[in-house]
Amino acid sequence: MNTLRRTFVAAMAITTLAASGALMAQDIKPRLIRFGYGLNEQSNQGRAVKVFAEQVEKASGGKMKIRAIGAAALGPDTQMQQALIGGAQEMMVGSTATLVGITKEMALWDTPFLFNNAKEADAVLDGPIGSKVMDKLQDKGLVGLAYWENGFRNLTNSKRPVNKLEDMNGIKLRVMQNNVYLDSFKLLGANAVPLPFSELFSALETATVDGQENPYNTILSSKFYEVQKYLSITNHVYSPWVVTVSKKWWDGLSKAEQKILADAALVSRDFERKDTREEAAKALSDLKAKGMQINELPASEAARMRDKLTHVNASIATSVGMDLWRDTQAELARLRAKK
Ligand code: KDG
């Protein structure tokens, strides 16, 4: 073989090797997925995102990597939701309550005292009604993968224990940016102040607001006990989180990649609910040990609160649609008849 031909063959071999090397390098370069959330890394929300990330990395053989970004570093829920819709961020987990401005049916989960316990919540959220509401997100550029548990919400404040409805009068109470929460706490006599979660601790610390309402887990993980003296147990609403994906980005994934994310969302959902409930079970004693003064609303006052708050139900039913409202009530009646 003459020199020219030998050189050509050698050059082709080097090019092929380089290309395959680049191909391999390209092959193993993981798909990076930004997953934003609002609580801190040590919270129940942060622990579940970590489990989700481990699941995705394991199932994809390292080809998909989750970059978990907590403490609202990518902005509050509403900002992350817009980033997902625009395709500037791939994933997030946040409150269904902050999604109502995008998908009105999410207001169903704001209904005070909708669920009596976590068992009912799991059955409805993971059943056909939960799917129907979650599927509505797709019209708005989001894909919902799973509901996680934020939990039953309770009142804290720095002024006084809430032993009766009248004790709410005049309390400047931070609420989520959501009309049902705003209307509900105005009905109860509080001065409701909507704020993003990311601003809540400093608002409490500077007494911009006197109180807030969140599940025990969040009161603990966000250290609200440092700036709130009183915890009054009301369990006035069960609050879900929802894991969402940018539909723009989701539609560009292979079916196999979509399945990896969907499966990981369900595995981490089961972990999150168990972890959250275990933490909540011992949270009251933890919060007491941190110095909080804890009281439970007497049954008669809880009944008065429930009567007052059901005044928002009619507006929720109108907003989410009577069919969905009626189906939900029927499903709950069926579940309660079953036990
Ligand atoms: O980003 C934080 C939210 O996901 C969630 O915690 C909302 O419960 C919430 C609140 O009070 O803002």
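A biologist and a modeller talk through a predicted model of one protein chain.

Biologist: How many helices and strands does the protein chain have?

Modeller: The model is predicted. Its C-alpha atoms fill a box of roughly 100 × 45 × 35 Å, taken along the principal axes. The protein chain has 13 helices and eleven strands.

Biologist: What share of the residues of the protein chain count as buried?

Modeller: Buried means under 20% relative accessible area. The chain has 339 residues, and the share of them that count as buried is 51%.

Biologist: Among contacts between residues at least 6 apart in sequence, what share join residues at least 24 apart?

Modeller: A contact here means heavy atoms within 4.5 Å. Take the contacts in the protein chain between residues at least 6 apart in sequence. The share that join residues at least 24 apart is 75%.

Biologist: Where is Gln89?

Modeller: Two elements flank Gln89: helix H3, residues 77–86, and strand E3, residues 91–95. Gln89 is placed in the loop between H3 and E3.

Biologist: Is Gln89 buried or exposed?

Modeller: The relative accessibility of Gln89 is 4%. The cut-off for buried is under 20%. Gln89 therefore counts as buried.

Biologist: Which backbone oxygen does the side chain of Gln89 reach?

Modeller: Leave out residues up to four places away in sequence, and Gln89 touches Arg34, Gly36, Leu74, Met80, Ala83, Leu84 and Ser246. Its side chain also reaches a backbone oxygen, at 2.9 Å. That oxygen belongs to Met91.

Biologist: How much space lies in the largest cavity?

Modeller: The structure holds three cavities of 30 Å³ or more. The space in the largest cavity is about 230 Å³.

Biologist: Which element gives the most to the lining of the largest cavity?

Modeller: The lining has 23 residues, and Asp77, Ser95, Arg174, Met176 and Phe197 lie nearest the centre of the cavity. H3 and E3 each supply at least two residues of this lining. With three residues, the element that gives the most is E3.

Biologist: How many charged residues are in the lining of the largest cavity?

Modeller: Split the lining by class. It has eleven polar residues and nine nonpolar ones. The charged residues number three.

Biologist: Which helix gives the most to the lining of the second largest cavity?

Modeller: The second largest cavity holds about 60 Å³ of space. Its lining is made of Asp110, Pro112, Val180, Tyr181, Ser184, Phe185, His236, Val237 and Leu309. By class, six of these are nonpolar, two polar and one charged. The helix that gives the most, with four residues at 179–187, is H6.

Biologist: Is Ser184 buried or exposed?

Modeller: Ser184 lies in helix H6 and is one of the residues lining the second largest cavity. Its relative accessible area is 4%, so Ser184 is buried.

Biologist: Which backbone oxygen does the side chain of Ser184 reach?

Modeller: Not counting residues up to four places away in sequence, Ser184 touches Pro112, Leu309 and Val312. Its side chain reaches a backbone oxygen at 2.6 Å, and that oxygen belongs to Val180.

Biologist: What distance separates the C-alpha atoms of Ser184 and Lys248?

Modeller: Ser184 and Lys248 are 64 residues apart along the chain. Their C-alpha atoms are separated by 35 Å.

Biologist: How many residues apart in sequence are the parts tied together by Phe35 and Trp148?

Modeller: The count of aromatic pairs comes to eight. Phe35 and Trp148 form a stacked one, 6.5 Å centre to centre with 20° between the planes. Phe35 lies in strand E1, residues 31–36, and Trp148 in strand E4, residues 142–152, so the pair ties together parts whose separation in residues is 113.

Biologist: What relative accessible area do Phe35 and Trp148 have?

Modeller: Phe35 is buried, with a value of 0%. Trp148 is buried too, and its value is 0%.

Biologist: Why is the pair of Phe115 and Tyr238 called edge-to-face?

Modeller: Planes over 60 degrees apart count as edge-to-face. The ring centres of Phe115 and Tyr238 are 5.8 Å apart and their planes stand at 80°, so the pair is edge-to-face.

Biologist: Where do Phe115 and Tyr238 lie in the chain?

Modeller: Both residues are buried. They are 123 residues apart, so to speak of distant parts of the chain is fair. Phe115 is in the loop between E3 and helix H4 (118–125), and Tyr238 is in strand E10, residues 238–246.

Biologist: Which residues form one aromatic cluster with Phe115 and Tyr238?

Modeller: Phe115 and Tyr238 are an edge-to-face pair. The cluster that holds them also includes Trp109, Tyr147 and Phe152.

Conventions: Residues numbered from 1 in each chain as written. Predicted model: local features only at pLDDT ≥ 70, side-chain atom pairs only at ≥ 80, totals over all residues. Heavy atoms only, no water. Buried < 20%, exposed > 50% of the residue type's maximum accessible area, 1.4 Å probe, protein only. Polar contact = N/O pair within 3.5 Å; in protein donor to acceptor, adjacent residues only side chain to side chain. 1 Å grid on protein atoms, 1.4 Å probe; cavity = no way out; pocket = protein on both sides within 12 Å on 5 of 7 lines; lining within 4 Å. Points joined across faces, edges and corners; volume = space filled by probe spheres on them. Nonpolar A, V, L, I, M, F, W, Y, C, P; charged D, E, K, R; others polar. Phe/Tyr/Trp six-rings, centres within 6.5 Å; stacked < 30°, edge-to-face > 60°.
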